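Here are a few short exercises to work through with the model open beside you. Each task comes with a solution in steps.

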Amino acid sequence: MDANIEGGPLNLIGRDRIKYLEKFMRSGKKNKYIYTVSEQETKDNGWEYVLTFKSKYDQTYLDKRLKKKNPRLWMNSGYFLEGQIHIDQETFAATSINYNVPTHLKKYICGYDTMAIKHFDYKINLEYKKFDDKYSLAYVRMEDEFIFVDTIENEITPYSAVAELFIEDNSPQRVKPFPKDSLFSNSDFNHLYDLPLSYNANFWIDYMKKHPQFKIASEVRAEMEAKKSLEKQFKDKHQKDTTLLPPVAKIVPYTYTIHNKTYTDDYAWLKDTSAPLYNNEVMEYIDAENKYAKNYFIPLRKQERILYREMLSHVEKEYTSLPSQIRGYKYYMEYGFEEEYPVYFRTNLDSTKREILLDTRELAKNYDYYAAGFPTPSPNDKLVAFSENTTGSSKATLKFKDLVTGEMLQDSVLNASGFTWIDNKSFIYTEQEKKTNRSYIAKIHVLNTPQKEDKVIFKEKDVKFSIGVYKNKMNDMILINSSSGITSETYFFRINETIPSLKLIYPREQGINYSITQVENKFFITTNENAKNYKVVVVDTVNYDKSNWKLVLPEDKDHMLVDLDILKKYYVVTDKDNAQNRIRIIERSSGKEHTVKFKKDIYQASAHSSREYDIDSIRISYSTPKTSGITYSYKISEQEKTVLKKQKLPYPVMKWGIKVERVMVTARDGAEIPMTIIYNKHIKKSKENTNRKAYITSYGSYGSSMTVGFNANLYPLLERGFTIAIPHIRGGSDKGYEWYEDGKMFNKKNTFYDFIDCTKYLIEEEYATKGNIVAEGASAGGLLMGAVANMAPDLYKLIVLDVPFVDVINTMLDDKLPLTTGEYEEWGNPNIKKQFKYMKSYSPYDNVTAQNYPTLLFTTGLSDQQVGYWEPAKMVAKLRATKTDDNEIILTTSLHAGHGGQAGRFDYIRTLAKQYAFIVDAFMNDKKDDVIAKN
């Protein structure tokens, strides 16, 4: 059974399940019935008990009661039924229940006045069978019969209604009851489930009349109404306080001198890197902003609920991942019915029995934030290690579970950012610096020994570099990669070495990036040396001097290589083809190649790296803006795709009229910017649609590309008439490595100009109306939003800045913050005058001016260690004090989340529903203003 509806046959389950046993037999009621017990033969030649019951009331008694009371009120007491309960003799479980209202008692439960409907028959049949050794409901039949007497036409019309339900499978774990302590909780997050927002005083009056037992005692009510009545309190809860003014942050000038010039920062006091939650001044301001935001969103709650339910309707309530095979097991995760957190399982290849590796539902119960990584098995498959994060910050703890005993080990490793098993007792991991979170040390840890005794294998001293560890495909070698944004080097040692001895494959050389894939006795090296879009060379794992490197895959000037997997017979190459991935298969022996073909021209595809080597098939993930995700098994030799898994949408998205286009926008300097546009052609072509809306989003940093796969969360906007635009701007690598270089360091403003020029294209080509556009970006995309808000505020109605990097100068001057030193090669080092000057010219916080801004929504998390909460807080404070318009600025700060928000599966949807409600409301206000103007 996989349904959850309020009407129809399933309603029978709510009314007529085994609870009727209680109605017939509980104390105080069983004496209202006459019972007889007998035995009867079953269909399979066994025997069962039969408990027969009938009402003990005689008609004389009932006729007396009939004169005193409305008999229809008696129906709920269940005193007028007769039937049988069949009981298994071994387990005493009820196997079936049959009952009905006997004819002579019908008049006592049915009203029958002139022109009324008379109920003249009522029969129920319930049957139970074993599911997993437990008896559960298997069949329901409900029969109702009525007579309607029309005294005007002098006609009698009989009606008969039969409902049946057959249950072939039973999975009670799918039913997720509401936690009792949250049904009526007065909490911030419960607003999605509030009662309807309109206040009706008569409701409470009527309710108290019908349910006097729940009436609040007068002395209690007096105490609760000391300041205002309960009715007023309820009404105020659902109405925005129009007298609440935006918070005003105090000004505390802080000055600093750099490059012989002094600067003042009035809001530096908002920055607390140690314990902001216990900083009274900071929290007073954060709480005030949250209170203001909460008040603003009160009238939006209904729209927020609608949007949340829409997006939730496209999410699989139950989800099981495709398994990954490791040695003799298949590993996978599973979300139960509407569960926020997954359970990790494995199944032996020779058995169907499931083994629970980790139940994060239980682990998450004691934390406001909880996230766990996929459990990684030890070489002997008796232990698993997993990372655990309970703060939302960038720090995690390694923990271990004994799969034989089912117990967690007492051992744990703090500040571990990555790890891989060496043998069954030890592993190598990278440790983070306490302040900056930079992964800078590689250590070997032996289980159940103190962490302080861990042996240091490698330490990276250059603050621009971070390290990572991984194992080769053959599981006999550990590799350590140290890299900055544009430079890297790799070390290795063999697992069978008694004392690990690191060997450097090729020393770092400024501007040269390379990565290693090791199979058999070869290193395959992907490098950008004299090849901006990368090439691949090969060398022996013993004689790996650069003089022995041999070219196997030359650079493609038009396509940047982004991923390489090496199989025994093939190279699986993923490269960038004008804003989307292209998957190529190259035969190693002959050099023959082919490209994996897909039906659509605009799509997102990625090849899964395989743990296996000698195989002829790979997995490929594929989707388009209109096609939900599909995972294929691709047989290379036959060039054939077989569907392994399709993303299931409980309710499909509305695709009618939706078009997807890829256009080229000419930027102000002549560069051609690809932009993906998704829209409803009927709305766009409508002559009545003169006020066209658009939602435009991008990122444009670190060489990250904007994917164009399926995103069901965009459809609520499409259905409300928005055009969705995704510009593939410079700073990403959508058109190759040079595309990235043209949007970083001294070219960073190209990122902002590209976005603005793409926005203007939407206006010029009538996809949107000027001032009717929503822009959104997160993190470095939030920097983009902040810069755009300063540079071209008149183009946009509303801008959403999620965890935005907006205080560029002050953050990059603080080398104790996470990410700062490692990002000098992305943004620049402000300690260098020329770089400081250029960064200062676009830093959003530093360029807030006295001008009109669009409506702005900022979001952040107090535990965010990638972009400090103080960055948006400072910018909001400065905007409030500087801008010249009356448009709203909202800042929401989560007190228990980091850069990625909350960790639960549906938390992101809740956050997005709030953002969308904010957006939809902005356009609804326009309609209200138009009505007022016309009147």
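**Exercise 1.** Does the span of helix α14 agree or disagree with its expected length?

*Solution.* Start with the rule: the expected span of a helix is 1.5 Å times one less than its number of residues. Helix α14 covers residues 780-791, twelve residues, so it should span 16 Å. Its end C-alpha atoms lie 17 Å apart, which agrees. Helices here are DSSP runs of H or I with at least four residues, strands are runs of E with at least two, and both are numbered from the N terminus.

Before going on, a word on the model: it is predicted, local features need pLDDT of at least 70, side-chain atom pairs count only at pLDDT 80 or more, and totals for chains, interfaces and linings use all residues. Residues are numbered from 1 along each chain as its sequence is written, and side-chain values use heavy atoms, with hydrogens and water left out.

**Exercise 2.** How many residues of α14 are buried, and what covers them?

*Solution.* Buried means under 20% relative accessible area (exposed is over 50%, partly exposed in between; 1.4 Å probe, protein chains only). Eleven of the twelve residues in α14 pass that test, among them Gly781, Leu784 and Asn790. Their cover includes α13 (749-764), β44 (773-778) and α18 (870-882).

**Exercise 3.** Is Glu289 buried or exposed, and which residues does Glu289 touch?

*Solution.* First place Glu289 in helix α7 (residues 280-297). Its relative accessibility is 0%, so Glu289 counts as buried. Then list contacts (heavy atoms within 4.5 Å): leaving out residues up to four places away in sequence, Glu289 touches Pro247, Val876, Arg880 and Leu891.
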